[in-house]
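Q: I would like a close look at one part of this protein. Please start from a single residue and work outwards through what surrounds it.

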Amino acid sequence: MNRELVKLLLNHAGHDVTVARDGAEAIKLARTRRYDLIFLDIRMPGMDGIEAVRRIRKLSAEHGDIPIVALTADVSPTRLVRYKQAGFTDHIPKPIDADELLHFVDRWAARLDDDLPAAPCESANSAAV
């Protein structure tokens, strides 16, 4: 449900969105195309977002060195540290707020347009969800 909501919101805002069904497919997509931004839900069927981000980070720099954002309802301080240690660049809390999501993506897009390094809590034209 969250995946479809994020896709709908981003498509409506003019972003090109690719959707993966699970963590394994997200890794496959990340390996074959350079994305501006990847959203990974922490809870996915099969492989969770934490394992998926770890594997994506092991890809070549061209494919593994991009902003990856955790979508999660668990934003406790200890969990946020765990997500960062796993390789996430940032997070967006669930339930997803449409305005917050679009503002978040706009901030990352501005960083990417300026070719600035990735920094936590800052969004992109193409995104994988």
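Is His63 buried or exposed, and what is its relative accessible area?

A: His63 is buried, with a relative accessible area of 13%. The cut-off for buried is under 20%, so His63 falls on the buried side. Keep in mind that this is a predicted model.

First, the setting. The protein has 129 residues, and buried ones make up 45% of them. Its secondary structure comes to 6 helices and 5 strands. From the N terminus, the order is α-β-α-β-α-α-β-α-β-α-β. His63 sits in helix α4, which spans 61-64.

Now the neighbours. Set aside residues within four places in sequence. His63 then contacts Ala30, Arg31, Thr32, Arg33, Arg34 and Ile56. Several of these names come back below, so they are useful guides to the surroundings.

Take Ala30 first. Ala30 belongs to helix α2, residues 23-32, and is buried there. Its buried companions in α2 are Gly23, Glu25, Ala26, Ile27 and Leu29. What do the buried residues of α2 pack against? The partners are strands β1 (16-18) and β2 (37-41), along with helices α3 (49-57) and α4 (61-64). The helix of His63 is thus one of the partners of α2. At the N-terminal end of α2, Asp22 acts as a cap. A side-chain oxygen of Asp22 lies 3.2 Å from the backbone nitrogen of Ala24.

Arg33 leads to strand β1. Besides contacting His63, Arg33 makes a side-chain polar contact with Thr18, at 3.2 Å. Thr18 is found in β1. The side chain of Thr18 also reaches that of Tyr35, in a polar contact of 3.5 Å. Is Thr18 itself buried or exposed? Thr18 is buried, at a relative accessible area of 17%. That value is under the 20% cut-off too.

Ile56 leads the other way, into α3. Ile56 contacts His63 and also takes part in the packing of α3 on α2. How are those two helices arranged? Two packed helices are described by the angle between their axes and the distance between the axes. The axes of α2 and α3 come within 9 Å and cross at roughly 20 degrees. That makes the two helices roughly parallel. Their crossing is right-handed. On the α2 side, the contact is made by Gly23, Ala26, Ile27 and Ala30. On the α3 side, Ala52, Arg55 and Ile56 take part. By class, these residues divide into 5 nonpolar, 1 polar and 1 charged. An α-helix has 3.6 residues a turn, so residues three or four places apart point the same way. Ala30 and Ile56, both contacts of His63, belong to this helix pair.

Follow α3 further and α5 comes in. The helices α3 and α5 pack at an angle of about 30 degrees, with their axes 9 Å apart. That makes α3 roughly parallel to α5, because angles under 35 degrees count that way. Ile50, Val53 and Arg54 of α3 meet Arg82, Tyr83 and Ala86 of α5. This contact has 4 nonpolar and 2 charged residues, and no polar ones.

Val53 also has a link outside that helix pair. Val53 and Arg57 are touched by Gly87, once residues up to four places away in sequence are left out. Gly87 lies in the loop between α5 (77-86) and β4. Gly87 is buried as well, with a relative accessible area of 15%. Gly87 and Val69 are 18 residues apart in sequence, and their C-alpha atoms are 9.3 Å apart.

Beyond β4 (90-93) comes another loop, which runs to α6 and holds Pro95. The peptide bond from Lys94 to Pro95 is cis, with omega near 5 degrees.

Finally, α6 itself gives a contrast in helix packing. The axes of α1 (residues 2-12) and α6 (residues 98-113) come within 10 Å and cross at roughly 60 degrees. They are therefore oblique to each other. This crossing is right-handed. Val6, Leu9 and Leu10 of α1 meet Ala98, Leu101, Leu102 and Val105 of α6. The contact has 7 nonpolar residues, with no polar and no charged ones.

Back to the starting point: His63 is buried in α4, and its contacts include Ala30, Arg33 and Ile56.

Key. Residues numbered from 1 in each chain as written. Predicted model: local features only at pLDDT ≥ 70, side-chain atom pairs only at ≥ 80, totals over all residues. Heavy atoms only, no water. Axes fitted to C-alpha atoms, helices over the stretch in contact; angles between N-to-C directions. Helix = DSSP H or I, 4+ residues; strand = E, 2+ residues; numbered from the N terminus. Parallel < 35°, antiparallel > 145°, perpendicular 65-115°, else oblique. Left-handed = near helix turned anticlockwise from the far one by under 90°. Contact = heavy atoms within 4.5 Å. Nonpolar A, V, L, I, M, F, W, Y, C, P; charged D, E, K, R; others polar. Buried < 20%, exposed > 50% of the residue type's maximum accessible area, 1.4 Å probe, protein only. Polar contact = N/O pair within 3.5 Å; in protein donor to acceptor, adjacent residues only side chain to side chain.
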